[in-house]
Amino acid sequence: MRILHLLNHTTQSNGHVHAAVDLACEQSRLGHIVAVASGGGDFDALLARNGVKVFTIDHRRKGATLLRSAWALRRLVGTFSADIVHAHMMTSAVLAWPICKLAGIPLVATVHNEFEKSAVLMGLGTRVIAVSAAVGISMRRRGIPAAKLRVILNGTIGSARLANREITPIALASPSLLFVGGLHPRKGLADLFAAFDLVHRRHPRARLHIVGDGPFAQIYRDMVAGLSCREAVRFEGSKVDPFPWMRGADIFVLPSHADPAPLVLPEAREAGCAIVATHIDGIPELLEGGEAGVLVPARDPDALATALSELIATPDAISHWRERSQYRIEHLKIARVARETLDLYDEAILQLGRRAGSALPHTN
């Protein structure tokens, strides 16, 4: 099958880029002819090394730029002879929709961030992938027909992006808590700091490590500076690969207010962390409904503090949840994601009554 993925960029910055890159590389490994068209970025070299063709399509939202990009995309769909166009961002879906309609090619759109208002435009796809059941429910409420929607839960374990990674744990003094993610209110960091202030009073040896960066970094530093636990919180900055930090931590904490299906959880589970996370959006699905990690209510620092304190007070509990992190972990492998996505492509092609291999005629 000839598969063309579209996304705004391939910069190492957020989960939906990582998910798209992982999928493209795995599809190529399985023997499909795969291309990625985007504004370019950090992962272009990785894609090329894994046999994925890389093309540049400018996704900047400017009138003249988008007109040129639409024409360039029309030519690319023809010259590449795409069987499927798979859009991972709203701009990509809007650019591709008329071209796919004209060519009779299925457009598949993945909703990575359903909390964005523009996510409803992903309904332009012949098929729409929700990265968790929670996202699927949300998109149906927003008017996407159930007949179009399919849930393919995020998973990243075994991806080319994570191959040959450093696995030596960072040496962290126990008991150590770790957060990895963007420093943004959606991630619930204010709740984590309030909870850790309570935890630290009960367990003065506890340390909290924050790996990541973002627009609210200084605000959070200032927030922590006013807490009694300030000397026990370490802002470690952004890391190219946080996996060694996960390997070294006792407890991984994700206190999100909104998180459709965060890829950081499969990575934390692969690292063997004991996990405490909020019961919100797709998080319970990635933790097997609480079988692979402790779930607490979102926006509840007291409940979060209680869960963390109970784990720290009982080392055997940390060991127990480390073991539980491996429960059904094979379900979070990229191989499963790729297989389910390819099945969806076949379904979309069958719906349009097309044979793989037909596409727009080549244009010069």
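Start with the sheet: select its seven strands, and you'll find an open sheet in the order E3-E2-E1-E4-E5-E6-E7, with parallel pairing. Keep in mind as you look around that this is a predicted model.

Now colour the two edges. Strand E3 (53-56) and strand E7 (149-151) each have a single partner strand, so one side of each is left without a neighbour in the sheet. Tilt the view a bit, too: neighbouring strands here are turned by 25° against each other on average, ignoring direction.

What holds strands together in a sheet? Strands pair through backbone hydrogen bonds, either parallel or antiparallel. For a pair to zoom in on, pick strand E4 (residues 84-87) and strand E5 (residues 107-111), which run in the parallel sense and share three bridges. Click on Ala87 and look across to E5: its bridge partner there is Ala109.

Next, show helix H3 (residues 63-80). Helix H3 lies across strand E1 (2-6), strand E2 (33-38), E3 and E4, and runs at about 160° to E1.

Last stop: the empty space inside. How many cavities of 30 Å³ or more does a search of the whole structure find? Just one, with a volume of about 130 Å³. To get there, select Ala19, Leu23, His112, Asn154 and Val337, the closest to its centre of the 16 residues that line the cavity. Then add helix H1 (15-29) and helix H13 (334-351), the elements that give two or more residues to the lining. H1 provides the largest share, four residues. Colour the lining by type and you'll get eight nonpolar residues, seven polar and one charged.

Definitions and conventions: Residues are numbered from 1 along each chain as its sequence is written. This is a predicted model: local features need pLDDT of at least 70, side-chain atom pairs count only at pLDDT 80 or more; totals for chains, interfaces and linings use all residues. Side-chain values use heavy atoms; hydrogens and water are left out. On a 1 Å grid over the protein atoms alone, a cavity is a set of points where a 1.4 Å probe fits but cannot get out, and a pocket is an open set with protein on both sides within 12 Å along at least five of seven lines; lining residues have an atom within 4 Å of a point. Grid points are joined across faces, edges and corners, and a volume is the space filled by probe spheres set on the points. Ala, Val, Leu, Ile, Met, Phe, Trp, Tyr, Cys and Pro count as nonpolar, Asp, Glu, Lys and Arg as charged, and the others, Gly among them, as polar. Two strands pair if DSSP finds at least two bridges between them. Axes are lines fitted to C-alpha atoms, for helices over the stretch in contact, and angles run from 0 to 180 degrees between N-to-C directions. Contact means heavy atoms within 4.5 Å.
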